[in-house]
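I opened my notebook to follow one ligand and one residue through a structure. Come along and check each entry with me.

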Amino acid sequence: MGYLTIDRKMSLIPPEVIAASNAKLMSAHLADYDALAVRLARENIDIEHMVDRLMTLQVGLPSWGMVSGGTRYARFPLPGEPNNIFEKIEDCSVVHQLTGLTPRVSIHLPWDKTDDYSELRQYAENLGIGFDAINSNTFQDQTGQARSYKYGSLSHSNAATREQAIQHNIDCIEAGKVLGSKALTVWIGDGSNFPGQNEFTDTLERYLESLKGVYAHLPNDWRLLIEHKIYEPAFYSTVVQDWGTSILCAQRLGEKAQCLVDLGHHAPNVNIEMIVARLAMFGKLGGFHFNDSKYGDDDLDSGSINPFQLFLVFNELISAERRAKGQFDPAYMMDQSHNVTDPIESLLNSARAIAGAYVKALIVDRDALKGYQEDNDVIMAHNCLRLSFETDVRPALAMARVRAGGAIDPIATYRASGYRNQKMKTRRLRSDLGGGIV
Ligand code: LRH
Ligand code: MN
């Protein structure tokens, strides 16, 4: 997506803390690395090449995931959690410093609204953090807002309400241009709770008409990412309910419009990796919100419930990348809600799970797989994937982190730094216990 590499000028975890933590683990790490190198070499895989590829992987962090998340029942504050976008970016820089994998934050407006976005950009770049897709929000009403989104936003029956929602998305693009972002993610909660409440075609036509107004304001090098979701907050119908609706809208809007796949936005047991293959085949795979779920849109840590599915998604991504001969760069971002863990620790774990799925997909013997598929040798084809998934690639992940100035064991190093304890002393303790995602 043409994002510039940003050099961190200030490190919030003292490098000596990382060095001391790594020193304890280095000899075991190097022994494990050499063993994996030998194991992979037996399959003609050069581990150094894998590590080089891994060091190009970049995953955007969700600004709203830096605070203790909530459900409709309650949110339990975390002492030392951030209170504003500046503090959220501090925590993002810690995740990037320890993993080398997360150089950008995806912000949400107006949750992260600030008076001076160039000041915010400067602050973030000083900490080595850039800005990924901007997320608009027309699923909540803001104090003093002229028209309510209770019955919808971009698809609302009232033109003035739609115009208000269009203007908000345009404001998001304007803020993003100052921040150096290159994409706008549009997820709307528009839908209905009762049969008869909405006319399905009227609502989608209104949505498309509104999005045309937003699309017209996109800079040439930007993307508009359409995020579908099966249900919630609407519980009978959702205007952009599935990938089919999303791709048809993206095709209708134009080449800068693509589809974003949030792993938690599908009915249980939907074959998400096949959706990824389909969207890639038609050149409309624009990005991801990585997370995991067991029941609904649970926004749990990536790879924490169904790591095999995450691997199968990356298997399709590597296959699509080969087909696209390089013209392929979906925006990888996380979208998680950390209700009972320290968000930094969950994101450190999730970045590692995503990197693991990526490397395991890289080591799949695709020529052998193709042969078995064409020979309908079912077991051997399946085992091609199983073998890679069952390969312990952690030494390669750790080596990439070390070479990026990060930690062999990010969680242990983070805890050794006492970062959160420090923030408990300097940050205001939030008292809002109410429900809600943030
Ligand atoms: C909707 C969603 C969307 C965000 C929100 C925080 O469920 O996935 O991506 O705007 O979560
Ligand atoms: Mn999402």
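**Around the ligand**

I began with His 265, where a polar side-chain atom sits 3.1 Å from an oxygen atom of ligand 1. I kept in mind that this is a predicted model.

Next I looked up His 289, and one of its polar side-chain atoms lies 3.2 Å from an oxygen atom of ligand 1. I then turned to Asp 335, whose side chain has an N or O atom 2.7 Å from an oxygen atom of the ligand.

How much of the accessible area of ligand 1 does the protein cover? I found that 95% of the 300 Å² the ligand has on its own is covered by the protein.

I listed the surroundings too: ligand 1 has 12 residues around it, and the closest are His 108, Glu 227, Lys 229, Asp 262 and Asp 335. I sorted that shell into 4 nonpolar, 3 polar and 5 charged residues.

**Asn 291**

I moved on to Asn 291 and located it in the loop between strand 10 (285-290) and helix 9 (307-323).

Is Asn 291 buried or exposed? I noted a relative accessibility of 2%, so Asn 291 counts as buried, since the cut-off for buried is under 20%.

I checked its side chain and found a polar contact with the side chain of Asp 262 at 2.9 Å. I also saw a polar atom of the Asn 291 side chain 3.3 Å from the backbone nitrogen of Gly 264.

Setting aside neighbours within four places in sequence, I recorded contacts of Asn 291 with residues including Leu 263, Asp 299, Ser 302 and Gln 336. Asp 262 and Asp 335 are also among its contacts, and I had already met both among the closest residues to ligand 1.

Definitions and conventions: Residues are numbered from 1 along each chain as its sequence is written. Chains are lettered from A and ligands numbered from 1 in the order in which they are written. This is a predicted model: local features need pLDDT of at least 70, side-chain atom pairs count only at pLDDT 80 or more; totals for chains, interfaces and linings use all residues. Side-chain values use heavy atoms; hydrogens and water are left out. Helices (H or I, at least four residues) and strands (E, at least two) are DSSP runs, numbered from the N terminus. Buried means under 20% relative accessible area, exposed over 50%, partly exposed in between (1.4 Å probe, protein chains only). A polar contact is a pair of N or O atoms within 3.5 Å; within protein, one must be able to donate a hydrogen and the other to accept it, and residues adjacent in sequence count only if both atoms are side-chain atoms. Contact means heavy atoms within 4.5 Å. A residue is near a molecule or strand if one of its heavy atoms lies within 4 Å of it. Accessible areas come from the Shrake-Rupley method with a 1.4 Å probe; for residues, only the protein chains shown count as cover. Ala, Val, Leu, Ile, Met, Phe, Trp, Tyr, Cys and Pro count as nonpolar, Asp, Glu, Lys and Arg as charged, and the others, Gly among them, as polar.
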